[in-house]
Amino acid sequence: AEKFKNKKTAAGFDLFLKDAQQGQVVTRFPPEPSGYLHVGHAKAAILNQYFARQYNGKLIIRFDDTNPSKEKEEFEQSIIEDLALLGIKGDVTTHTSDHFDTLYKYAIQMIQLGKAYADDTLQEQMRAERMDGIPSKRRDASIEENMTRFAEMSTGSADGRKWCLRAKLSFDDPNKAMRDPVIYRCNPDVSHHRTGTTWKVYPTYDFACPIVDSIEGVTHALRTNEYRDRNPQYQWMLDALSLRKVDIWDFGRLNFVYTLLSKRKLQWFVDNGIVGGWDDPRFPTVRGIRRRGMTIETIQEFILAQGPSQQIINMEWDNIWTINKRHIDPVVPRYVALDKEGVVKVSVKGAPKRHSKEMPRHKKNADLGNKVTVFDEVVYVEQTDARSFAQGEEVTFMDWGNVIIDSKQTDAAGNVLSIEATANLDGDFKKTKKKVTWLAPSASDASLVDVNLLDFDYLITKKKLEEEDNFADFVTPTSEFHSVALADHNVAALQQGAAVQFERKGYYILDKLAGKDGRADFIKIPDGKAATSA
Ligand code: ATP
Ligand code: MG
Ligand code: MG
């Protein structure tokens with residue numbers, strides 16, 4: 001991120017904070033441990049870190065763990081690991097639950113100030129009253145009554161759990177976020193992953209966030225502007241409790257087409273077995289996109305290029321994969337893989353006897369070293385290439401030379417069974433229309449390897465889901481595609497996680513050394529060209 005210092009972003013936004021002083025800035029990234037980090041969270045995390053570093057300030061990683069019904073230790077651990085992967089390093093890590101005692105005291109103070117009341121209005125009715133600007137029948141209860149009811153809530157008793165605590169803010173403010181928001185809820189039946197069963201009541205985000213920001217010393221609270229209606233409510237809480245003010249700096253939420261960025265919805269795909277897990281390559285999680293071959297540098301560059309823009313951006317995946325291609329193309333080695341089905345043997349008359357030669361792994365990057373390429377008098381080509389060859393045509397076998405097609409044997413269905421050709425290895429490759437990949441067959445000096453090539457489509461069929469859409473109605477029926485290829489013997493030495501280019505096929509990442517049927521699984525890395533999916 002350092003190299004972006006004092007720069008306008010690619011989109012022309014100034015990357016600076018208002019009223020910020022060197023050494024004084026404190027930002028925070030507050031994930032709720034209710035799922036794995038996705039690319040939207042990455043935006044928030046990267047921006048928070050960017051500003052903390054730019055102003056020589058401090059970044060707080062705060063687990064916003066106020067709802068034990070959704071939160072788990074597993075998620076917290078994964079968030080810690082994924083932030084590390086993203087190069088995000090907080091100066092301190094805190095939990096909202098570290099402040100439960102303090103928050104509880106502030107809730108009591110709110111009641112005693114006459115600024116909060118207990119309410120047992122049923123949820124549906126509360127919603128309707130809020131919509132219509134009608135005060136709750138409990139709104140004018142006395143401080144004593146409210147104290148008693150909150151105490152009852154705190155025991156988690158049958159009676160207590162009927163109540164919640166609401167800030168007494170307004171019942172008819174034009175901004176509905178100001179209409180007496182709930183600040184404490186009873187949730188006595190679940191165990192909190194850090195505080196166990198100590199608490200029967202929990203603060204809401206609306207209450208906890210401003211208070212914890214203030215007491216942890218946050219100077220600039222970055223949040224997505226979908227919360228903008230709640231900004232005055234945030235400030236009201238701080239005013240009500242005479243706490244230090246915090247600047248809210250809001251930025252546009254990051255969205256992607258054909259993509260759900262909500263932990264709750266992603267959890268649904270996991271629970272219904274539609275994906276293999278939170279790290280599924282079709283998922284917009286940090287783990288998913290990394291598994292599909294996106295680099296950390298790409299994610300950082302992409303986010304900082306947008307900066308804290310106010311627009312809610314609905315990104316095409318092609319944009320970010322194009323950046324990724326730019327990063328990986330110069331540094332990933334190149335090999336050959338042929339579609340295995342219908343692979344055709346070509347006998348090349350006049351070719352030198354089987355031998356091997358060291359060739360660069362990447363023609364334009366000598367740092368990647370050499371691979372061993374095997375040449376032979378008989379080689380394989382793909383069926384589609386074989387079909388396209390005309391008798392007498394001169395074609396280029398890449399990294400070898402030209403051959404002239406003498407004859408083809410085909411079956412009744414038109415499949416090419418074998419080809420005879422004559423070597424013209426020094427022929428001019430500029431004069432040929434076709435440059436094809438080929439491989440020498442296995443022999444004792446080098447064996448080809450069977451690999452799985454996996455490619456994926458979007459998980460949902462609709463470009464932009466609307467609020468009223470039920471996302472489950474738009475699940476893509478088949479979003480995983482699978483084929484078997486015959487790969488270069490050099491591929492056998494690759495390590496898990498290695499990214500490569502299979503010439504003429506594209507970029508792939510070695511996902512599993514032993515996937516389906518024991519073959520290595522390679523996942524296609526999208527390159528941003530519209531023809532590819534996701
Ligand atoms: P989700 O709906 O996926 O659970 P959330 O906003 O409830 O998202 P949090 O864990 O509370 O998830 O979010 C942590 C931080 O990440 C918040 O500051 C939030 O504003 C930010 N964030 C979440 N989603 C996005 C997004 N799509 N674009 C930018 N920032 C986001
Ligand atoms: Mg949240
Ligand atoms: Mg959300």
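A nitrogen atom of ligand 1 is placed 3.2 Å from a polar backbone atom of Gly40, in what is a predicted model rather than an experimental one. Two side chains also approach the ligand through polar atoms: a polar side-chain atom of Lys263 lies 2.6 Å from an oxygen atom of ligand 1, and an N or O atom in the side chain of His38 is 2.8 Å from an oxygen atom of ligand 1. Taken alone, ligand 1 exposes 600 Å², and the protein buries 87% of that area. The points below begin with the surroundings of the ligand, continue with the nonpolar cores, and end with four residues found in loops.

**Around ligand 1**

- There are 15 residues around ligand 1, and those that come nearest are Glu32, His38, His41, Leu254 and Lys263.
- Sorted by class, the shell around the ligand is made up of seven nonpolar, five polar and three charged residues.
- Helix H1, which covers residues 39–54, gives the most to this shell, contributing three residues.

**Nonpolar cores**

- The largest nonpolar core has 50 residues, and within it the most contacts are made by Leu83, Leu86, Ile88, Phe256, Ile299, Phe302 and Trp317.
- The largest share of this core comes from H1, which supplies nine residues, and H1 is also the helix that gives the most to the shell around ligand 1.
- Phe302, when residues up to four places away in sequence are not counted, touches Leu254, Phe256, Met315, Asn319, Ile320 and Ile323; of these, Leu254 is also one of the residues that come nearest to ligand 1.
- Another core, of 40 residues, lies apart from the largest one, and its members include Tyr106, Ile111, Met237 and Ile248.

**Loop residues with a positive phi**

- Most residues other than glycine have a negative phi.
- Asn56, in the loop between H1 and strand E2 (58–63), is a residue other than glycine whose phi is nevertheless positive, near 55°.
- Asn56 counts as exposed because its relative accessibility is 57%, and the cut-off for that class is over 50%.
- Arg504 is likewise not a glycine and has a positive phi of about 70°; its place is the loop between strand E24 (499–502) and strand E25 (506–512).
- Arg504 has a relative accessibility of 45%, and therefore counts as partly exposed.

**Glu216, a buried loop residue**

- Glu216 belongs to the loop between helix H6 (205–215) and strand E8 (220–224), and it counts as buried because its relative accessibility is 13%, where buried means under 20%.
- The side chains of Glu216 and Thr94 are joined by a polar contact of 2.8 Å.
- Leaving aside neighbours within four places in sequence, the residues in contact with Glu216 are Ile60, Arg62, Thr94 and His99.

**Asp229, an exposed loop residue**

- Asp229 is in the loop between E8 and helix H7 (231–240), and with a relative accessibility of 51% it counts as exposed.
- Although Asp229 and Asn175 are 54 residues apart in sequence, their C-alpha atoms are 6.7 Å apart in space.
- Apart from its neighbours within four places in sequence, Asp229 is in contact with Asn175 and Ala177.

Definitions and conventions. Residues numbered from 1 in each chain as written. Chains lettered and ligands numbered in written order. Predicted model: local features only at pLDDT ≥ 70, side-chain atom pairs only at ≥ 80, totals over all residues. Heavy atoms only, no water. Near = heavy atom within 4 Å. Polar contact = N/O pair within 3.5 Å; in protein donor to acceptor, adjacent residues only side chain to side chain. Areas by Shrake-Rupley, 256 points an atom, 1.4 Å probe, with all protein chains shown as cover. Helix = DSSP H or I, 4+ residues; strand = E, 2+ residues; numbered from the N terminus. Nonpolar A, V, L, I, M, F, W, Y, C, P; charged D, E, K, R; others polar. Core = buried A, V, L, I, M, F, W, Y, C linked by side-chain atoms within 4.5 Å. Buried < 20%, exposed > 50% of the residue type's maximum accessible area, 1.4 Å probe, protein only. Contact = heavy atoms within 4.5 Å.
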